[in-house]
Amino acid sequence: MERSPAVADRPKPPSLERLSEAMLGRLPGTVAGPGYDRTYAQMGVVHIGVGAFHRAHQAAFFDDILSSGDRRWSIIGLSLRSPAAEQALQPQDGLYTLIERSAAGETLRVRGAIQSVATVAGRERLALDVLAAAQTQLVSLTISEKGYAPETADLRADVPTTAAGFLAKALERRRNAGLAPFTVLSCDNLDDNGARVRALVLDAASRIDPRLAGWIERNGAFPSGMVDRITPATTPEARRFLENRLGYRDEAMVTTEHFRQWVIEDRFAGPRPDFAAAGVQVVADVIPWQAAKLRLLNAAHSALAYLGGLGGFATVDEAIGWPPLRAYVGRLWDEASSTLSPTPGLDIDAYRQALLRRFENPHLRHRLSQIAMDGSQKLPPRLLATIERRLAAGRSIDALALAVAAWIRWSLGVDEAGVRFEVEDPRAPDLARMLEGADTAAEMVASMLADRAIFSPALAASPILAETLTKKLEILLKNGARAAIAAI
Ligand code: CS2
């Protein structure tokens with residue numbers, strides 16, 4: 001339906017009223033509202049990075065927690081740079097429609113957990129005030145893989161430029177005010193994301209004051225977490241279509257699947273809501289859950305993005321619907337599954353079956369180009385960690401290597417018809433430079449393998465990896481992605 005240009009291009013009727021608190025009593029019958037009086041909700045969470053994924057995932061969980069009667073957990077959203085979230089949500093009193101779609105049908109609900117959203121750039125003091133406020137118990141993050149970069153500003157003199165820098169400064173204010181630290185909940189697709197953000201915060205803090213770092217080490221908490229809900233970016237066309245159907249304007253609506261999962265390591269610095277009652281798993285060790293998600297779901301996503309994208313598919317459901325690609329994903333998962341350790345409650349075969357169903361969801365139109373972004377940051381935890389383990393165990397890596405070779409092929413920025421496209425990656429200029437001087441597949445592979453930020457020394461030193469990647473890349477360059485998939 002969103003595909004129909006006739007509908008998508010129809011101009012937005014100017015009469016549509018914008019979603020707001022004042023509209024909640026007049027929502028269409030098909031749309032549920034927040035099941036509680038938002039006036040009495042208190043801020044307990046600060047979230048950095050208020051994109052579609054946050055709205056579909058953590059903010060929906062907190063909305064359920066507020067609905068259950070625990071009013072301490074509404075959210076103040078911060079965007080470090082982009083004003084988009086503030087512009088979308090602030091005029092709507094933080095409200096947005098969450099549309100869940102799958103074979104089970106469609107569920108529409110206006111979610112109310114977000115109280116307000118502020119863009120931080122230029123208003124750094126405000127951000128620090130919010131983070132340092134006594135009510136702030138949890139600070140959650142969706143800053144994407146590239147957000148986990150060290151703070152380079154001199155925090156004794158300058159304003160922070162990274163999430164870790166803000167957290168360190170805010171923790172300093174809390175320590176000085178005699179408050180306990182907040183718990184930092186990383187919600188990005190990285191292995192041991194809690195340890196990563198902790199290391200960045202400790203590094204930033206030690207450069208403000210070594211005693212601050214010691215205080216955070218002793219009192220702070222940075223639980224690792226696994227987050228999962230497939231959430232495509234909302235296209236303007238899809239939004240206009242839905243707005244016409246709903247009868248109101250909503251600049252912050254999000255479409256997602258019914259499935260959702262959140263597994264958090266049981267490590268908190270202070271109060272937390274009854275997560276279990278909201279369906280969040282709080283566990284002693286989250287690492288196996290993260291590994292399964294990254295090496296199965298996200299690995300297949302990235303493989304589909306590059307191989308399917310080169311092969312001419314546009315969305316995940318189209319790509320997984322092509323039998324050779326689906327069979328290939330099975331091979332990829334066989335290789336990855338051998339690196340996962342048995343974990344109570346985690347049935348890998350059932351997980352794989354469920355993933356196929358989710359990938360097949362025809363109502364999401366999850367674009368492969370969205371997943372293809374930021375490959376230099378995504379490949380290490382999704383594919384390279386698995387390759388390293390397979391090589392160490394003397395096992396084959398054919399399916400994994402084909403996905404990595406497809407990423408190298410993709411990084412050339414030219415499709416199989418010879419048409420140039422933009423490689424969206426924070427390291428795009430470096431990738432282009434690395435490939436520019438290389439004439440053959442072997443040279444391209446050697447040049448990429450030499451990048452220490454992407455490939456570990458063990459991977460760079462593996463002749464088997466270099467050889468396998470070269471062979472796969474040769475086929476991709478010569479015969480194309482569809483032939484390479486069929487040949488595996
Ligand atoms: C996707 C993920 O865009 C991507 O790279 O692989 O965002 C994926 O949809 C989510 O992790 C699902 O939970």
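Hi everyone, let's start with a pocket: the second largest one is lined by 19 residues, and those nearest its centre are Arg-196, Gln-377, Pro-380, Pro-381 and Ala-453. A pocket here is an open set of points on a 1 Å grid over the protein atoms alone, with protein on both sides within 12 Å along at least five of seven lines, and lining residues have an atom within 4 Å of a point. This pocket has a volume of about 370 Å³, where volume is the space filled by probe spheres set on the points, with points joined across faces, edges and corners. Helix α15 gives the largest share of the lining, seven residues. Sorted by class, the lining has ten nonpolar, three polar and six charged residues. For the classes, Ala, Val, Leu, Ile, Met, Phe, Trp, Tyr, Cys and Pro are nonpolar, Asp, Glu, Lys and Arg are charged, and the others, Gly among them, are polar.

A quick word on the model. It is predicted, so local features need pLDDT of at least 70 and side-chain atom pairs count only at pLDDT 80 or more, while totals for chains, interfaces and linings use all residues. Residues are numbered from 1 along each chain as its sequence is written, and side-chain values use heavy atoms, with hydrogens and water left out. Helices (H or I, at least four residues) and strands (E, at least two) are DSSP runs, numbered from the N terminus.

Now to the ligand. Which residues surround the ligand? They are Asn-189, Asp-228, Arg-229, Ile-230, Lys-293, Asn-298, His-301, His-366, Ile-371, Lys-378 and Arg-382, each with a heavy atom within 4 Å of it. By class, this shell divides into two nonpolar, four polar and five charged residues. Both α10 and α15 (375-392) supply at least two residues of the shell, and the largest share, three residues, comes from α10.

There are some polar contacts to point out, meaning pairs of N or O atoms within 3.5 Å; within protein, one must be able to donate a hydrogen and the other to accept it, and residues adjacent in sequence count only if both atoms are side-chain atoms. A ligand oxygen lies 2.6 Å from an N or O atom in the side chain of Lys-293. For the side chain of His-301, the distance from a ligand oxygen to an N or O atom is 2.8 Å. With Arg-229, the partner is a polar backbone atom, 2.9 Å from an oxygen of the ligand. The protein covers 89% of the 350 Å² of accessible area that the ligand has on its own; areas come from the Shrake-Rupley method with a 1.4 Å probe, and for residues only the protein chains shown count as cover.

Next, the enclosed spaces. How many cavities of 30 Å³ or more does the structure hold? Three, a cavity being a set of grid points where a 1.4 Å probe fits but cannot get out. The largest has a volume of about 50 Å³. Its lining includes Asn-189, Lys-293 and Asn-298, and those residues also belong to the ligand shell. Strand β10 (225-228) and helix α10 (287-310) each give two or more residues to this lining, with the largest share, four residues, from α10. The lining divides into four nonpolar, five polar and two charged residues.

The second largest cavity also comes out at about 50 Å³. It is lined by Ile-230, His-301, Val-316, Asp-317, Arg-358, Phe-359, Asn-361, Leu-364 and His-366. Here the elements giving two or more residues are α11 (316-320) and α13 (348-360).

Let's finish with a few backbone details. Arg-365 sits in the loop between α13 and α14 (368-372), and its phi is near 50°, a positive value in a residue other than glycine. Is Arg-365 buried or exposed? Arg-365 counts as buried because its relative accessibility is 19%, and buried means under 20%, exposed over 50%, and partly exposed in between (1.4 Å probe, protein chains only). Asp-374, in the loop between α14 and α15, has a positive phi too, near 60°, and at 6% relative accessibility Asp-374 is buried.

Finally, α9 (residues 236-246) holds Asn-244, which is partly exposed at 27%. Asn-244 and Leu-16 are 228 residues apart in sequence, yet their C-alpha atoms are 8.2 Å apart in space. After α9 comes Gly-247, with a positive phi near 85°. Thanks, everyone!
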